[in-house]
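The following exercises are to be worked with the sequence and the structure at hand. Each task is followed by a solution in steps.

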Amino acid sequence: MMTKLMTAFAATMIALVSLGTVVAPAQAQEPLRLTLRDGVIEALPFALPSFEAEVAGSEQMAADISRVIAEDLNGTGLFRQIQSSAFISTPAGFGSPIEFSDWRAINAQALITGAVAVNGSQVTVKFRLYDVFSGAEMGEGLQFAGTTDGWRRMSHKVADAVYSRITGEAGYFDSRIVYVAETGPKDDRAKRLAIMDYDGANVQYLTDSSAIVLAPRFSATGDRVLYTSYESGFPRINVLDVATVGRQQLTTAPGDMAFSPRFSLDGRQVIYSLINGGNTDIYRTDLATGQNTRLTNTPAIETAPSFSPDGSQIVFESDRSGTQQLYVMSANGGEPQRISFGNGRYGTPVWSPRGDLIAFTKQEAGRFHIGVMRTDGTEERLLTSSFLDEGPTWAPNGRVIMFGRETQGADGTTALYSVDITGRNLRRVSTPQGGSDPSWGPLQR
């Protein structure tokens, strides 16, 4: 079907340089900083005049880059763009003195200025970020250079830098999602693996729809994807190289059924569920040696394992207590500790990249929810509720969760949604067809 995705993905090389700091008149004002807590409600207003076209013919690219930066920031729910119709003035050129009083008058707290130059297949993007009320630049201006094919990535990198400087947290815009793209009626859906930018742009397909595929999972470096395939008629785990779309199958004994895989942080090991002799237990395989280690051994159904960020523990779901609940154990096995004690059933747990929370799917009273809890099971918080929400995955900075949602009825459809960890800012993610089983990859390099 495909042999290479290199030109579609990683062929764009992006260089980063500092522009130095422009000295601005400092005033007696606390530096701009958006502190992220559960109670954050009012979005921070920012102004983003369309980036200057420094070279003739760069106008459309400058407008497109400005638009994507604004969409990234607005999409967080933490920022609110001030429309250009409210502007009193605009900078005369990139690097020109800023009339801060004009921006204070319209209550802009942050100002983003930039310039774009397109020369053949090459594009250069530079930007500066200002704290309007203190009249000072926030950090140094930066410049990105690459090919025109990579303009969206440069936009995301600018937005990540702005987000990080204002919130103090890492951004997540320059990242990708692997998911199951779905087409056709509910009772006969065709499914194939797809990969896209975090915002739904640049969709590429990694497999065809000749076999059912489930639960793709990125490696920590974003170069490989694990997934479950029914190509042989029963579930087996494949490891797919994103750049070449080459794949290899995880070695298991004939007749064994393996599914629900995840990489370790270093990418050397895979944990997964395996059905052997009627039992469903958690196993770990060393990809280099092929050595398999059984981590649980009970009559219960135990599945959906996920490593902690430091690799020392595993969270998984099990019905060993009589209902589907969440457990944490050492990455080497041993006696697990139950952490879910609320009403209903819990499944598909995944550890936050920060290490402080575990996201999960919960089914209670005929409704499905995406929720989070502390790693000891305390402070459970449900973020969504619908006919069917499932399969959470974390943004690289641990601030946002993406998941799959299916609507009710014979004509029900699937789609991807995102929500932040406070339960605010629920948004549908644009995809060409239906989507399920998302896995959020790391920030690209």
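## Exercise 1: Charge and surface

**Task.** State how many positive and negative side chains the protein has, and how far apart the centres of the two sets lie.

**Solution.** The model examined here is predicted. Step 1: counting the charged side chains gives 39 positive and 47 negative ones. Step 2: the centres of these two sets are 2 Å apart. Step 3: turning to the surface, the protein exposes about 18900 Å², and 48% of this area comes from carbon and sulfur atoms.

## Exercise 2: Overall form

**Task.** Determine how many helices and strands the protein contains, and judge its compactness from the radius of gyration.

**Solution.** Step 1: the secondary structure comprises three helices and 32 strands. Step 2: the radius of gyration is 24 Å, whereas the globule rule gives 22 Å for 445 residues; the two values are close, so the protein is as compact as a globular protein of that length. Step 3: along the principal axes, the C-alpha atoms fill a box of roughly 75 × 45 × 45 Å. Step 4: buried residues make up 53% of the 445. Step 5: consider contacts between residues at least 6 apart in sequence; 48% of them join residues at least 24 apart.

## Exercise 3: One residue in its setting

**Task.** Is F79 buried or exposed, and in which strand is its place?

**Solution.** Step 1: F79 belongs to strand β4, which spans residues 79–81. Step 2: the relative accessible area of F79 is 3%. Step 3: the cut-off for a buried residue is under 20%, so F79 is buried. Step 4: as a distance exercise, take F79 and G233, which are separated by 154 residues in sequence and by 48 Å in space, C-alpha to C-alpha.

## Exercise 4: An open sheet

**Task.** Give the strand order of the open sheet of four strands and identify its edge strands.

**Solution.** Step 1: the order is β11-β10-β9-β32, and the pairing is antiparallel. Step 2: β11 (204–205) and β32 (434–443) are the edge strands, since each pairs on one side only. Step 3: at the β11 edge, two bridges connect this strand in the antiparallel sense to β10, residues 190–197. Step 4: within this pair, I195 faces Q204 of β11.

## Exercise 5: Strand β26 and its partners

**Task.** Establish how far β26 is enclosed, then describe its pairing with β25 and with β27.

**Solution.** Step 1: strand β26 covers residues 367–374; six of its eight residues are buried, so the rest of the structure largely encloses it. Step 2: β25 (residues 357–364) pairs with β26 over eight bridges in the antiparallel sense, with Q363 opposite F368. Step 3: these two strands form a hairpin with two residues between them, and A365 in the turn has a positive phi of about 55°. Step 4: β27 (residues 381–382) is joined to β26 by two bridges, again antiparallel, and V372 stands opposite R381. Step 5: the hairpin of β26 and β27 has six residues between the strands, with G377 in the turn at a positive phi of about 90°.

## Exercise 6: The β28 and β29 hairpin

**Task.** Explain why β28 counts as largely enclosed, and characterise its hairpin with β29.

**Solution.** Step 1: of the seven residues of β28 (residues 388–394), six are buried, and therefore the strand is largely enclosed by the rest of the structure. Step 2: β28 and β29 (residues 400–406) run antiparallel and are joined by five bridges. Step 3: T393 lies opposite M402 in β29. Step 4: five residues separate the two strands of the hairpin, and G398 in the turn has a positive phi of about 70°.

Key: Residues are numbered from 1 along each chain as its sequence is written. This is a predicted model: local features need pLDDT of at least 70, side-chain atom pairs count only at pLDDT 80 or more; totals for chains, interfaces and linings use all residues. Side-chain values use heavy atoms; hydrogens and water are left out. The radius of gyration is taken over C-alpha atoms; the globule rule is 2.2 Å times the number of residues to the power 0.38. Buried means under 20% relative accessible area, exposed over 50%, partly exposed in between (1.4 Å probe, protein chains only). Contact means heavy atoms within 4.5 Å. Accessible areas come from the Shrake-Rupley method with a 1.4 Å probe; for residues, only the protein chains shown count as cover. Lys and Arg count as positive and Asp and Glu as negative; His and the chain ends are not counted. The place of a charge is taken as NZ of Lys, CZ of Arg, CG of Asp or CD of Glu. Two strands pair if DSSP finds at least two bridges between them.
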